[in-house]
Structure formats: C-alpha cells, structure tokens
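Q: Got a minute to go through this one with me? I'd like the overall layout, then a few residues.

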Amino acid sequence: MHEVETKKPERKHANNTREVLWYGPAHGFWVGAWDLPSFGYTHWMMLPDAPAQILTRQEQAEVDFNQWLQATLPTLAGSDLDAGNAALRHRLHDAFVQGALS
C-alpha cells in the first residue's frame, strides 16, 4: 500500500478498468477511479485487471453454432436467405442450441 501523501496513483497504476483500491480510516476500503480526489483516503494500492467477459451458456452456444454453421454449411451462414433456407437455419439453430444447453 502507498500513502497518498508520498505517492499518488497514476494511470499506469490503474487496472484495465482504470481503478485502484483506496483506503481511509473513516471509509475503509473502496474501489474507485485512479484519479479520484482523496476524499479522506489515506492509502491506495494497485488492483488486478478485471477478467475478460465470460459468456453465458446461451451466448457460448450461439457463438459455437455460428462457428459450426460457417464451417459446415457456409451457404446458410449468410443473412440474405430465402424462406426455405431461413427455415432450415432456424431448425438447425434450435436443435444445436437445445443440445448444447442440455
């Protein structure tokens, strides 16, 4: 931990969300912007980077389906499908996602 009086945080000390961990006797610990005015905080320290976005099972199934479709049936991966191909794509999508989520 660093004392605010002797070393103020800079952008290079912030994590990927531009935050550091602040501490003050009246407030305790608080995660806030690295360039926050001290507001009674006496110490600060660096924080690890926030993790990359984690996809839900549904979102991952959508990604997997689109990759599978592009690799297996690229003609159905386009957006300008006739009614028959759109219906086929929809049925394949439903079956794929249902299987992925079961």
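A: Sure, one term up front: contact means heavy atoms within 4.5 Å. Among contacts in the protein chain between residues at least 6 apart in sequence, 45% join residues at least 24 apart.

Q: And what am I looking at, source-wise?
A: This is a predicted model, where local features need pLDDT of at least 70, side-chain atom pairs count only at pLDDT 80 or more, and totals for chains, interfaces and linings use all residues. Residues are numbered from 1 along each chain as its sequence is written, and side-chain values use heavy atoms, with hydrogens and water left out.

Q: OK, what pattern does the protein chain follow along the sequence?
A: It reads β-β-β-β-α-α, with 4 strands and 2 helices. Those are DSSP runs numbered from the N terminus: helices are H or I with at least four residues, strands are E with at least two.

Q: What's the radius of gyration of the protein chain?
A: 24 Å, whereas a compact globule of 102 residues would have one near 13 Å. That's taken over C-alpha atoms, and the globule rule is 2.2 Å times the number of residues to the power 0.38. The C-alpha trace spans about 70 × 25 × 20 Å along its principal axes.

Q: How much of the protein chain counts as buried?
A: 19% of the 102 residues. Buried means under 20% relative accessible area, exposed over 50%, and partly exposed in between, with a 1.4 Å probe and protein chains only.

Q: Switching to residues: is Gly24 buried or exposed?
A: Gly24 counts as buried, because its relative accessibility is 0%. Gly24 sits in strand 2 (residues 19-24) and touches Gly40, Tyr41 and Thr42, leaving aside residues up to four places away in sequence.

Q: How far is Gly24 from Phe65?
A: They're 49 Å apart in space, C-alpha to C-alpha, and 41 residues apart in sequence.

Q: So what does His93 touch?
A: Glu62 and Phe65, again not counting residues up to four places away in sequence. His93 is in helix 2 (residues 83-101), and it counts as buried because its relative accessible area is 17%.

Q: How many salt bridges does the count come to?
A: Just 1, if a salt bridge is a side-chain nitrogen of Lys or Arg within 4 Å of a carboxyl oxygen of Asp or Glu. The side chains of Glu10 and Lys12 form it, at 3.9 Å, N to O.

Q: Are those two exposed or buried?
A: Glu10 is partly exposed, since its relative accessibility is 41%. Lys12 counts as exposed, at 62%.
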